[in-house]
Amino acid sequence: MSTVLGFVQAIPYQELLIQTLNGIVTGMILALIASGLTLIFGIMDVVNFAHGELFMFGAYMGVVVISATGSFWLALLLATLIVALIGAALQITTLRPLLGRDPLTTILATFGISLVMQNYALWQFGPVARKIPEPFSGQFTLFYLEYPWYRVLIAVLSAAIIGVFYLFLKYGTYGIWIRATTQDRVMAGAMGIPVSWVHTAVFAIGAGMAAASGVLFGPLVGVNHAMGLDWVLKAFIVVVVGGMGNLGGSIAASIFISLLESYASIWVSPAQAGIVSFVVLILTLLFRPTGLFVPTPK
Amino acid sequence: MSKRSATVYWTGFSIILALLIVAPFVLPEFWRRFLTEILIWGLLAMSSDILIGYTGMVSFGHSAFFGLGMYGAAAALLMVRPPNLWLAILYGLIGSAGIALFVAYFSTRLRDIYFAITTLIFSQIFYVIIFTWTEVTGGENGLTFRRPALEIPGLFSMPFSSETLHWFVLAVVTASYLILRRITQSPFGMVLQSIRENEARTRAIGYAVERYKIVAVMLSGLFAGLAGVLYALQNRFAAPDFVYFLVSGETVIFNVMGGIGTLVGPIVGAGFFLLLREAFSRFFTEYYLIPVGVIFIAMVIFLPQGLLGFMRRWLNQ
Amino acid sequence: MTPDATPIEPLVAVEDVHTYYGKSHILHGVSLHIDRGEVVGLLGRNGVGKSTTLKTIMGLVHPHRGKVLFAGKPITSLPAHKLARLGIGYVPEDRRIFRLLTVMENLRTGLDRHGVTEARKQELLEKAFTYFPVLAERRNQAGGTLSGGEQQMLAIARAMMLEPKIILLDEPTEGLMPRMVSQIRQIIDVLHREGVAILLVEQNVPLTLEASHRVYIMEKGAVRHHCPASALKVDDPLIQQYLGV
């Protein structure tokens, strides 16, 4: 009896609560990144290795715009637009010629792009991390702990962006084009849908979403040229665990994994908490390879 | 192979081999080491070609095999006194074989992209483990050790000089090449290529595709580990940087640049890449990857057969 | 100003087309044409290249040799989406409706084009629902939940939303019950009355002979016979020769 009581008293409720919030916040950022990734894969069978670098570029664009104008919101908007355009340009120059070839080639091409982008950022901005200042500070009180408002904003905005995008897919004219192209590229063309432009648009949207994540996440960590790597690996894990091409699955998986990692960081170091996502991946691959959040295939 | 092309091939092979043997006398120290490095990376790329070029499985996990070969050798050289060359090789091979077995298991359950991503993630797992397990692996700083002597027990023992090390590496790489070549041209190798062409059909014909894949991964892992051992011997240290997935990425670059499925191509690719790196480093210092990366992307798009494929077509005209 | 001369070039002309799938030489110099408003039948056994001919016209595969012309202009190397916008509608052999899109959304893939007013879109929708009442009933259902016959209706209606000048119909009655087959027959008539040309690939010989003005018969990747539909009867020895089991 007393051991049960002792156990219950030992549970760090305050920590758990904070980590739950942290997990949701990180999960939403991850969801935003992973959504772009899974969208790109679902529609054009492209594994975009450079996705983390688009995230990183977004953060750097944010840095540049803020130092020029001082406005966080302008930075968010411009970074998203600029990186979306960069994404479109990349898709047109390097991925379009590879359409129809072995999927291996797109992995290699995007890997090459990621190398170039990383080193370009290193060259232009140097190895020292930059900072994006938070647009506002201040914390709110939940029960008896304090939690920063800004983090709440991140979660809300990410959810909003994903939500808007989901609505666009479901109800917008071009949303129908995207969904039709994803299901049957050939027939979509036969219905007059300009498939290669749809691909470009989707890549640009994915890039924009990654960039927005970069700006939103910027204030929490330093912005440096290598920040994309960790995120892209996690995003890939999320995409596989959530079911490749499955938007809802990626979001669920993002939050699930982030929560687990946040909880784990109560007891182990953050670097080791990262192992959690790997473990989830391995378990998923062993037992439910089509995705944890996908209904069992018949 | 026809009689004529066989003679051409072996003549070419002998000439190149002769050049490589003579090289240490002719080249200055820097280029000597450079050449040895090309051979070692070439071996790594060659091992990767077994998977990419012959079985059709893209792996980003070679940094794990390479790294474990390296650390395995380090373990032998640090733990056993006096440091023994053959023990180092043995430990290195065991280390990489262990990882290869692990990866092989997953390789049979995943196709294509899933396999590639998974191998990438695994290699990062090993990186994190090696990086954080400081007591055993030396963490960030890695391990340093002394180079063992070249010895055949009971016959002779002499310390490696720069030249003899080069010849040792050359011997190992050449032997590996010949072995791998023999394997790829054997019935086993034919089945691997058949798997690359059309896995479903190969299975339908009745081959136990899983078993072949496992053997392919083991083979690939072993030779990659061997490359790691050689690297450890040459540089006398083991560091986590080499387990970072970037090494796997560069390996794949060597393969593509040289020409996948040719065994020799990856060595050429490694040489090409390292030369480009040397050249661009002069102008771009550490940002050499920007132009080299652009060249790589251009090659993926316009020269998917790699340098060897390009030369083959050019020669055929 | 001279009065408009009746256009004499065919709506669609296929001239000596050779198409390959990889290394397989499927079409060996196919030539045929369809005039405006005509219903033309394309008969032949399985595997002779009828579907490939349609795909070549639709720009889904490109021939190694030969030309395809639309209203006199070469369209051989144009991508499919441009041809759809020019006025070629395609109803493939396996229907290929977008299974995860609703009936309404399927139709909209053909409706959402440049230069079509909202009013016109409504008109076209109304027309589709009048001809295919079952689609109106199921308008918010996912395409994949429809029966085979209903999917066929949807595939045809979807192509009609493009307001095409010609519709390529690939085996529309395959696997359908007799009641649906006669419905398809009626649709062909309706389309003809509206001035839409039709290239009809079919295994159902009586239907084809009845509905078409002219027929081509293909064998082994080339056109072997060509005549007005009225010149052939179902029990003609030619039919036996090219289509018999």
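Begin by selecting residues 29-55 of chain B, which form helix α2. At 1.5 Å a residue, its 27 residues should span 39 Å, and the end C-alpha atoms are 38 Å apart, so the two values agree. Bear in mind throughout that the model on display is predicted.

**Along helix α2 of chain B**

Next, select B:D49, where α2(B) has a kink of about 40 degrees centred on this residue. Then show the surroundings of the helix. Is α2(B) largely enclosed by the rest of the structure or not? Of its 27 residues, 20 are buried, so α2(B) is largely enclosed. Move on to B:G56, just after the helix, and inspect the backbone: this glycine takes a positive phi of about 75 degrees.

**Where α2 meets α11 in chain B**

Keep α2(B) displayed and add residues 245-258 of chain B, which form helix α11. Two packed helices are described by the angle between their axes and the distance between the axes. Here the axes come within 9 Å and cross at roughly 75 degrees. An angle of 65 to 115 degrees counts as roughly perpendicular, and α2(B) and α11(B) are therefore roughly perpendicular to each other.

To see the contact itself, select B:W41, B:L44, B:A45, B:S48, B:D49, B:I52 and B:G53 on the α2(B) side. On the α11(B) side, select B:T251, B:V252, B:F254 and B:N255. Coloured by class, the residues of this contact comprise six nonpolar, four polar and one charged. B:D49 thus appears twice on this tour, as the centre of the kink and as a member of the contact with α11(B).

**Helix α3 of chain B**

Now select residues 62-79 of chain B, the 18 residues of helix α3. From first C-alpha to last, α3(B) reaches 25 Å, close to the 26 Å expected at 1.5 Å a residue. This helix is mostly covered, with 16 of its 18 residues buried.

**Between the chains**

Display chains A, B and C together. Which of the two pairs of chains that touch has the most contacts? That pair is chains A and B. Their contact takes 31 residues from chain A and 28 residues from chain B. On the chain A side, select α5 (103-125), α10 (227-242), α12 (270-273) and α13 (275-287), each of which supplies at least two residues. The largest share, 15 residues, comes from α5(A). By class, the side of chain A that touches chain B has 25 nonpolar, six polar and no charged residues.

Turn next to chains A and C, whose contact takes 15 residues from chain A and 21 residues from chain C. On the side of chain A that touches chain C, α7 (173-183) and α8 (185-190) each supply at least two residues. With five residues, α7(A) gives the most to this side. The side of chain A that touches chain C divides into nine nonpolar, four polar and two charged residues.

Finally, look from chain B to chain C: no contact joins them, and their closest C-alpha atoms lie 15 Å apart.

**A last stop at A:A273**

Select A:A273, a residue of helix α12 of chain A. It has 17 C-beta neighbours inside 10 Å and so counts as partly exposed. Leaving aside residues up to four places away in sequence, A:A273 touches A:E261, A:A264, A:S265 and A:V268. To close, take the distance between the C-alpha atoms of A:A273 and A:S258: these residues, 15 apart along the chain, are separated by 9.9 Å.

Conventions: Residues numbered from 1 in each chain as written. Chains lettered and ligands numbered in written order. Predicted model: local features only at pLDDT ≥ 70, side-chain atom pairs only at ≥ 80, totals over all residues. Helix = DSSP H or I, 4+ residues; strand = E, 2+ residues; numbered from the N terminus. Expected span 1.5 Å × (residues − 1). Bend = angle between axes of the 7 residues up to and from the residue. Buried ≥ 20, exposed ≤ 12 C-beta atoms within 10 Å, placed from the backbone. Axes fitted to C-alpha atoms, helices over the stretch in contact; angles between N-to-C directions. Parallel < 35°, antiparallel > 145°, perpendicular 65-115°, else oblique. Contact = placed C-beta atoms within 7 Å. Nonpolar A, V, L, I, M, F, W, Y, C, P; charged D, E, K, R; others polar.
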